[in-house]
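User: Please take a close look at the aromatic side chains here. Start there, then follow the connections outward as far as they help.

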Amino acid sequence: MSPIRYKQLDVFAARHGGGNPLGVVVDAQGWSDSRMQRFAHWTNLVETTFLMPPRVDGADYRARIYTPTKEIPFAGHPTIGSAHAALDAGLVTPDAAGIVWQECGAGVLPIRVEGDGPTRELFVQSPKARIVGDASRGGETLSAVLYGVKLGALAPACVEGGRRWWVAEFADESVLRGWRPDHAAIRALALATDTLGLCVFARSAEGLAVRAFPAGVGIVEDPASGAANGLIAAYVAERDTTGALATGYVVSQGREVGHDARIIIRIDGDAVWVGGRTNTIIDGHVDWQEWEPAA
């Protein structure tokens with residue numbers, strides 16, 4: 001049998017080690033659901049993806065996305081990282097418009113390829129998003145999380161598009177970076193409102209500084225959040241149509257947890273594109289046999 005290729009990537013990184021890590025099994029055709037889940041549990045990364053032939057017309061390949069405990073339909077950095085791995089492995093070539101088409105649980109998504117080699121940037125068009133609730137929906141749990149914080153121009157809201165998050169603008173970047181949130185309160189908010197948790201942001205010289213707290217899935221703070229930033233961008237595009245952020249901006253995320261992510265947002269009408277660079281850190285093979293656990 002041919003060796004099974006495996007890559008470990010650093011997605012949305014301003015520098016090596018600054019982004020969000022991702023494992024990618026490039027040759028996962030024939031792997032069972034249980035085999036993929038066991039491997040994702042073993043890697044213990046936020047997500048691990050598995051590439052295989054597409055099932056639907058129009059897709060170049062299929063990516064399945066697993067956390068250590070379950071399969072999920074969509075997330076930003078696994079989508080960008082999977083496309084990076086597929087391109088580097090020669091599984092796919094961009095079409096005449098510079099697009100590759102990735103099938104995942106959320107459908108077939110276009111991924112725009114810009115540049116080549118170490119400076120290549122990839123952008124995924126985020127699933128359509130909509131505001132599904134204001135601060136009143138969060139009630140006392142949201143008030144408890146944001147107690148004492150001076151908020152920015154845009155009111156807190158619950159936004160849905162592939163995932164569901166609360167988003168809130170802080171009035172000042174330094175306050176955002178120094179904030180010590182009550183993580184138990186964020187988890188209570190996530191569970192009470194069936195959301196992943198809370199994303200907070202503040203305007204900066206380049207665009208936005210962002211922090212994301214997906215307490216609903218047991219993560220304290222995420223260093224680089226593609227899907228969450230897509231929701232923030234959709235929220236900004238709807239609520240601030242003529243401001244400096246209306247056509248796009250650059251996000252800084254993760255410094256508070258020892259990372260340095262750089263995420264590029266482009267807003268084209270009602271289309272939001274989320275992207276950046278990916279670094280291949282480990283490139284090799286995986287030996288992971290199929291087996292059933294003992295009774």
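Analyst: A charge is taken to sit over a ring if NZ of Lys or CZ of Arg is within 6 Å of the ring centre and within 35 degrees of the ring normal. The model is a predicted one. Two arginines meet that test. The charged end of Arg266 sits over the ring of Phe123, 4.1 Å from its centre. Arg35 lies over the face of Trp31, also with 4.1 Å to the ring centre.

Trp31 leads into the aromatic cluster. Seven names make up this one cluster: Tyr6, Trp31, Phe39, Trp42, Phe50, Tyr66 and Trp288. In the whole structure there are 11 aromatic pairs. One of them joins Trp31 to Phe39, edge-to-face, with 6.0 Å between centres and 85° between planes. Trp31 counts as buried because its relative accessibility is 7%, under the 20% limit. Phe39 has a relative accessibility of 1%, so it counts as buried too.

Phe39 also pairs with Phe50. This contact is again edge-to-face, at 6.2 Å centre to centre and 75° between the planes. Phe39 belongs to helix α1 (residues 33–43), while Phe50 belongs to strand β3 (residues 48–52). They are 11 residues apart, and the pair links distant parts of the chain. Both rings of this pair come from buried residues, Phe39 and Phe50.

Strand β3 offers a second view of the cluster. Thr48 lies in that strand. Thr48 counts as buried because its relative accessibility is 0%. Which residues does Thr48 contact, leaving aside neighbours within four places in sequence? Two cluster members are among them: Phe39 and Tyr66. The other contacts of Thr48 are Leu22, Gly23, Ala40, Thr43, Arg64 and Ile65. The C-alpha atoms of Thr48 and Ala63 are separated by 9.9 Å, and these residues are 15 apart along the chain.

Ile65 carries the path onward. Ile72 touches Ile65, along with Glu47, Thr67 and Arg163, not counting residues up to four places away in sequence. Ile72 is placed in strand β5 (residues 71–72). Its relative accessibility is 7%, so Ile72 counts as buried. From Ile72 to Cys104 the C-alpha separation is 9.2 Å, with their positions 32 residues apart along the chain.

Beyond strand β5 comes helix α2 (residues 76–88), with 13 residues. From first C-alpha to last, α2 reaches 19 Å, close to the expected 18 Å. The helix is mostly covered, with 12 of its 13 residues buried. Buried residues of α2 include Pro78, Ile80, His84 and Leu87. Gly90 follows the helix and has a positive phi, near 75°.

Helix α6 (residues 226–239) can be read in a similar way. It has 14 residues and a span of 20 Å, close to the 20 Å expected at 1.5 Å a residue. Here 11 of the 14 residues are buried, so α6 is largely enclosed by the rest of the structure. An aromatic residue, Tyr235, is one of the buried set, which also includes Leu231, Ile232 and Val236.

Two non-glycine residues call for a look at the backbone. Phe12 has a positive phi of about 65°. It sits in the loop between β1 (4–11) and β2 (20–25). Is Phe12 buried or exposed? At 1% relative accessibility, Phe12 counts as buried. Asp194 likewise has a positive phi, about 55°. Its loop runs between α5 (183–193) and β12 (198–203). Asp194 has a relative accessible area of 60%, so it is exposed.

Helix α5, just named, also packs against another helix. Two packed helices are described by the angle between their axes and the distance between the axes. The axes of α3 (residues 135–145) and α5 come within 8 Å and cross at roughly 170°. These two helices, α3 and α5, are therefore roughly antiparallel to each other. On the α3 side, Arg137, Gly138, Thr141, Leu142 and Val145 make the contact. On the α5 side, Ala185, Ile186, Leu189 and Thr193 make it.

Back to the rings, in brief. Phe39 pairs edge-to-face with Trp31 and with Phe50. Arg35 lies over the face of Trp31, and Thr48 is in contact with Phe39.

Definitions and conventions: Residues are numbered from 1 along each chain as its sequence is written. This is a predicted model: local features need pLDDT of at least 70, side-chain atom pairs count only at pLDDT 80 or more; totals for chains, interfaces and linings use all residues. Side-chain values use heavy atoms; hydrogens and water are left out. Helices (H or I, at least four residues) and strands (E, at least two) are DSSP runs, numbered from the N terminus. The expected span of a helix is 1.5 Å times one less than its number of residues. Buried means under 20% relative accessible area, exposed over 50%, partly exposed in between (1.4 Å probe, protein chains only). Rings of Phe, Tyr and Trp (its six-membered ring) pair if their centres lie within 6.5 Å; planes under 30 degrees apart count as stacked, over 60 as edge-to-face and the rest as tilted. Axes are lines fitted to C-alpha atoms, for helices over the stretch in contact, and angles run from 0 to 180 degrees between N-to-C directions. Angles under 35 degrees count as roughly parallel, over 145 as roughly antiparallel, 65 to 115 as roughly perpendicular and the rest as oblique. Contact means heavy atoms within 4.5 Å.
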